[in-house]
Amino acid sequence: MKEHQKICGKIFSSAGRRPVEALISSAEFSLTRFADNVISQNVSKISTDVSIRILEGRRMAKVSTNQTDAAGLKRTVEKALWMLKFQKEDRHLLGLPKPLPVPPAGEKLYFENTAGFSPEDRAKKINETVKKTKGAGQTAYGTLDNGWSRTTVANSAGVFASHLETSATFSLTTRRGDGFGWAEELQNDVGKIDFEGVAAAAVEKAGKAVRPREIKPGKYTVILEPAAVAEMLMFMNIYGFGGRFYLEGQSFMSGKMGQKVLNEKITIEDDSLAGPCAGMPFDFEGMPRKKVVLVADGIARGVVHDRKTGLKMKTPSTGHSLPQPNTYGPIPVNVVFKKGNTEFKRMLENTREGILVTQFHYVNILKPVTLEMTGMTRNGTYFIHNGEIAYPVKNLRFTESIVGAFNRVEEAGDRLCISPSWFGKMAVPALKIQDFNFSSATQF
Amino acid sequence: MFNFCKKAIEIADKRGVDFGDIRIIETRRRVLSVKNGEIGDMDDSVTLGFGVRILHKGAWGFASSDKINAEEIKKTTLKAIQIARASSMLKERNVKLAPEPAYRDFWQTPRLIDPFEIPMERSLELLFRIDSVLRKKPAIKSAVSSMKFVREHQWHMTTEGSEIEQDILSSGAGFFVKAVETGEVQDRSYPSTHGGQTLSMGYELMENLKLLDNAERVREEALALLKAKDCPQDQVDLIIGGNQLALQIHESVGHATELDRVLGYEESFAGSSFATTEKLGKFRYGSPIVNLVADATLPGGLATAGYDDDAVKAQRWHIVRDGVLSGYMTNREFAHAIGMNRSWGSNRAEGYDNIPITRICNLSLMPGKWELSDLIKDTKKGIIMENNRLWSIDQKRLNFQFGCEIGWLVENGRKTKIVKNPTYQGITPQFWNSCDAICNENHWQLWGVANCGKGQPMQTAMMCHANSPARFKKVKVGVKVNY
């Protein structure tokens, strides 16, 4: 934090009395990648990036650098001042915000053991995993990463907010012949990752995925495991729950606040302050993040705002600004899809005929308002018959409206899993959905 | 900068590594956009740093830092060696690099006008003028016009004696609108989607693109799409060109022939490929008129440079020759897997803080013999699709679905009605084997892909896919969801 304070001091003194904002991101990130049972890539990076906005009336200049010594920062500020002279006026430009109290992070998010997890530590864990997968007659692929990051937002009007956290992710794909399995765990504390559990889950999936059979594309009841639900929810977060998309009429909730938009079993909230997705308690304008109920029991209840969209809707910022300026507007980044009460095993037993999907691949969006999307199943797709996994099936392409699918939810799982998301993370349960549309099949 | 590079090479040599290199990179980037009458993005950034790659005890290590001084270079080089040593704890064989001569050279992107010498105000002025034309109709709820310029200055030194300095420049610009009416959103963009057209050249690109001249037409087409009928569900002849055919080449040939993917090294993330090595020289990838050429020397190409990040000199080679799989995108590590004693040179990294990985080079569909007007006249029942809106392909690069911004029906040799939400699906080899006509060199043009994501940590790379419009027979179009 002291380093970031020093950087801010140098920026503010170079900018003189002009309104100035600094966004500083420092991080150390290491990742070991393995494929075909060997370590294939192994990298580590350390960096500090500084982004500076200087305002003068309705004009603004933004510059960035990673050279944080006094000369580098002075040079960067001088460049911004020079640019200001030629800058066009922006009549919509907002001045810098005054400070508001920022609550402390709701959970402990920094762990020394995670920041210091070494290449040898990663190699050891991967080695143990590879021994297990080899023992099961399978081949291992994946990544183990760890690191820390500090983000500081400060401005000359008195805002100073700084956040430090660590993270680690272990992701494992295993293969047995033509059968694939996958499992992943994301934690702030590497010591909490259940390496054996991840390996066992992936190995079990790949074991059951060998010699997949062809099935006809069409509409099926599906059980989507949490990773598959997360792939879809990520798009809903961006296109459905952001204030700017809402105002432009591009959100499925545009003009429907207070109305039923999703199945009544669905409640979705953004909460960075507590719970499974707790994270940075302020946004990139330095405004405190607030808990926002997006959908409650299927009813549209809110979208997230930065100061700009808040002003347009005559409501305060909810603390969800991305770095300014930007064309996306505010986005929820700590999203919790509330769990249901059905045990996964029970969900399976309740299904007479359907398809179990582990994960989706290469999901993309065609129509933002209905969130019509397409993507492929991956790493374990199985046919369910009379409450049991009957056999693996070849991968299928879905073409489906996520708004439609989330209106046909039959059951929600009783356990949340954490998935990475844009600028944050999501907690999601498994879902059972009726009449999910698969539009074609592939050859494996 | 080479004096700093030497420090890393001396340490690497002293420690007896198998191979080592250092890349010092300074990147200048300028991004400008105007959205709905407001400045959307505006950033001028400079980053400077270095990455050290070490092959030691037959395994890789890589470390990077943004502080360029002798002490930091020593610390980072030793860290890369430590990481390589850790990697060697889990290996089955030693990594061996395909040989390449050592070079001492300077290369730079040809350019007429340095975009960083152009005042931002001038660029913003043009973007605001485009924006005002785009938003003249109330149904246009969102309009974004943008420009982006990136200059990367690299100093690359290897333990094998190469000292390569390169100055690589790209410029890009474009705009898009979203027309919204009663729950319907229709996009239209120019000259292409995903940030517009990007090429390896200077600010002269802005004049070539004629952005303002096309703003009104594009706006009106977006409005027309709101009233248009949906693309029919059918099997028809598909005519695509421009950035849609570029994306088709990119996803179903480019990624499918990255040798690291083919060998399984991307299995955990991006996936693998159906185009496995035993198929080389034998597999009928497309019809006999299909020739796809990788070319790191292509003027204007975003992957064009003097050397790749393996210090391999730029080359040109066939990926598909007369319809048959004939080559791969390679690096020095994997070239031996297809019996080659030299890499084709397609190993690139994003910035200083990423390790080079196998990348798609500029990959182009070579021109055929048709005039576009004759091709349309020759099509009884078809659809022309333009500008990519959606892309998705499976993890072996077989089953794909694409969506475009706009379609035009072709009925009895005439381009007729506009249709909205055009989509098509297919399986890669069947699709390329159904290609029965490719337009000639009069229509052949470069299309930039500036946002190709791959690797863990994720890296973005740029490349071009030149093409002229082509026809594909009996393609499944108009995939729908009934809800």
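Here are some numbered notes on the predicted two-chain model above, moving from the chain contact to the domains and then to two buried residues.

1. A word on conventions. This is a predicted model in which local features need pLDDT of at least 70 and side-chain atom pairs count only at pLDDT 80 or more, while totals for chains, interfaces and linings use all residues. Residues are numbered from 1 along each chain as its sequence is written, chains are lettered from A and ligands numbered from 1 in the order in which they are written, and side-chain values use heavy atoms, with hydrogens and water left out.

2. Let's begin with chain B against chain A. About 7,600 Å² is buried between the two chains, 51% of it on carbon and sulfur atoms; buried area here is the accessible area (1.4 Å probe) that two parts lose on being put together, summed over both. The contact (heavy atoms within 4.5 Å) draws 86 residues from chain B and 84 residues from chain A.

3. For the polar side of that interface, the rule finds eight salt bridges between chain B and chain A, each being a side-chain nitrogen of Lys or Arg within 4 Å of a carboxyl oxygen of Asp or Glu. K134(A) forms a salt bridge with E92(B), with 3.4 Å between the closest N and O atoms. There are also 46 residue pairs in polar contact between the chains (both at pLDDT 80 or more). A polar contact is a pair of N or O atoms within 3.5 Å; within protein, one must be able to donate a hydrogen and the other to accept it, and residues adjacent in sequence count only if both atoms are side-chain atoms.

4. On the chain B side that touches chain A, strand β2 (residues 38–56) of chain B gives the most, with 11 residues. Strands are DSSP runs (E, at least two residues), numbered from the N terminus.

5. Now to the inside of chain A, which is divided into domain 1 (2–198) and domain 2 (212–444); the bounds come from an automatic or database domain assignment. The C-alpha centres of these two domains of chain A lie 25 Å apart. Their contact takes 35 residues from domain 1 of chain A and 31 residues from domain 2 of chain A.

6. Domain 1 of chain A and domain 2 of chain A bury about 2,600 Å² between them, with 66% of it on carbon and sulfur atoms. L94(A), W182(A) and L186(A) supply 22% of the area that domain 1 of chain A buries against domain 2 of chain A, more than any other three residues. The rule finds zero salt bridges across this domain interface, but six residue pairs are in polar contact there (both at pLDDT 80 or more).

7. R397(B) deserves a look. This residue lies in the loop between β17 (381–393) and β18 (399–411) of chain B, and counts as buried because its relative accessibility is 3%, buried being under 20% relative accessible area (1.4 Å probe, protein chains only). The side chains of R397(B) and E251(B) are joined by a polar contact of 2.5 Å. Among the residues that R397(B) touches are Y362(A), H255(B) and T428(B).

8. Finally, E163(B) is found in strand β6 (residues 163–181) of chain B and, at 18% relative accessibility, also counts as buried. A 3.3 Å polar contact joins the side chains of E163(B) and R104(B). Residues touched by E163(B) include F2(B), Y103(B) and H156(B).

How values were computed:
Helix = DSSP H or I, 4+ residues; strand = E, 2+ residues; numbered from the N terminus. Buried < 20%, exposed > 50% of the residue type's maximum accessible area, 1.4 Å probe, protein only. Lists of a residue's contacts leave out its neighbours within four places in sequence.
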